[in-house]
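Reader: I should be grateful for a close look at a single part of this model, namely its sheet and the elements around it. Please describe how that part is put together and how far the prediction may be relied upon.

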Amino acid sequence: VEPHQILKRAVTPEGQTKNTTRLPDMANATENRSKPSPSSDVDVPRVATGAPEAADVSAPGHQRTGADDRDPAPLPAGFTPLRWTVLVALGCLMAIGAWSYATPDAADVAFTCSGQDAYSRSSAASFRQHVEQMESSEFPMQTSLTWKSIVGRGRHHLCDVERQRPAVFLLAARGSAGGKRTLQCLARRLAAAFTNGDGDSVGVLGASDAVAERGVDVEEKVYRKVNGILHRDHSTTARLPAPPVLIIEHIEDLPYPVPLLFFSYCDSSHTEHPQAVLIFTLSVPADFSPLAAKLDEGMVVEYMSSVLWTEDLHPEYRQGTVDALVTRISDVTLVIESEENSGQLENCQLPP
């Protein structure tokens, strides 16, 4: 039976059966579908068209198979399913590449303050420029993890308008000459990043400041200098307040109990200077863990907890004093690689 001769049965209100002929245009469409496309070189399977396509949907037991059951369009000449798969995959890769190019860089997000505080926005932008310069041209031997740690803690401190504690960094390196000079240079450049290059906002405390003088208590002497730096009227060239920055050079050279003064400065609940930035430097002797290929954070903490000031402190008091101090000043511990072989130390200008 030809498709255009298929009859549709319908039940009249009187219960009689009435025959209606399928429309000619539908029959022509069915005939045209059964013919292969003249422009296709690929054999595409055809679906049988002998089933009644206009069956009465109101008849009992009928199931709808879809509003459009026509055969898929034939593939263009020369295109196989494998070629189509390759083209789709290439299109997806191009879309992903375009999305990645349009997505803001992680560094842009990391240096953006969400608040509307002018000081936070200006300080974060200046901090970003300084850190990018340090990473790209001044300290090429440092790892990406070091810069990520600096960026993360620096952004958190600069963008937080309700600071509860100062930003504390511990820079540690092996005790070689190149390692010590790298610590000095990087500590001062990091301080400049926080203050937009304003040297008046940066103070340095070293072992020479903890030398005993006649009639003067060493702890009191150091305490006055630290407070004088942190209480100083700080201002940047942009006439915005800059955070006071204190560099404590070679904390291992400070006589006990002077280092315990920083217990309260680094504490989150009793500090008087939550806006401050404290940068400690530490030189670990080469004979400490000599078999280790490289210095790591665990070795730095172990050296401070088990070696420093051991002759001045009774072992039973160590857990409550030195260990607590180490916990606070090692909040962000950065293992610094020597820049001696990079040639960048020649460009580092240190004050006398």
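Author: Two strands are said to pair here if DSSP finds at least two bridges between them. With that criterion in place, the sheet of this predicted model can be described strand by strand. Five strands, in the order β4-β5-β6-β3-β7, form an open sheet with parallel pairing. Its edges are β4 (202-205) and β7 (332-335), each of which pairs on one side only. On average, neighbouring strands of the sheet are turned by 20° against each other, direction ignored.

At the β4 edge, the neighbour is β5 (residues 245-248), which runs parallel to β4 and is joined to it by 4 bridges. Within this pairing, Gly-203 has Leu-246 of β5 as its bridge partner.

Helix α5 (residues 144-159) packs on the sheet, where it touches β3 (167-174), β6 (277-284) and β7. The direction of α5 makes about 150° with that of β7. Helix α9 (residues 297-306) also lies across β3, β6 and β7, and runs at about 85° to β6.

Helix α9 has a further partner in helix α11 (residues 322-329): the two axes come within 9 Å and cross at roughly 150°. Angles over 145 degrees count as roughly antiparallel, and α9 and α11 are therefore roughly antiparallel to each other. The crossing of α9 past α11 is right-handed. On the α9 side, the residues in contact are Val-301, Met-304 and Ser-305, and they meet Val-322, Asp-323, Val-326 and Ile-329 of α11. Sorted by class, this contact has 5 nonpolar, 1 polar and 1 charged residues.

The loop between β5 and α8 (262-265) contains Pro-257. The peptide bond leading from Tyr-256 to Pro-257 is cis, and its omega is near 10°. His-250 lies in that loop between β5 and α8 as well. Its phi is near 50°, a positive value in a residue other than glycine.

As to reliability, the protein averages a pLDDT of 74, and 62% of the residues score at least 70. Among the elements of the protein, β6 has the highest mean pLDDT, at 96, whereas helix α3 (residues 106-110) has the lowest, at 42. Two stretches call for caution. Over residues 26-30, pLDDT stays under 50, and the model has 6 contacts for them beyond four places in sequence. Over residues 234-240, pLDDT likewise stays under 50, with 16 contacts beyond four places in sequence. Where pLDDT is low, the predicted coordinates should not be read in detail.

Note on methods: Residues numbered from 1 in each chain as written. Predicted model: local features only at pLDDT ≥ 70, side-chain atom pairs only at ≥ 80, totals over all residues. Heavy atoms only, no water. Helix = DSSP H or I, 4+ residues; strand = E, 2+ residues; numbered from the N terminus. Axes fitted to C-alpha atoms, helices over the stretch in contact; angles between N-to-C directions. Contact = heavy atoms within 4.5 Å. Parallel < 35°, antiparallel > 145°, perpendicular 65-115°, else oblique. Left-handed = near helix turned anticlockwise from the far one by under 90°. Nonpolar A, V, L, I, M, F, W, Y, C, P; charged D, E, K, R; others polar. pLDDT = per-residue confidence, 0-100.
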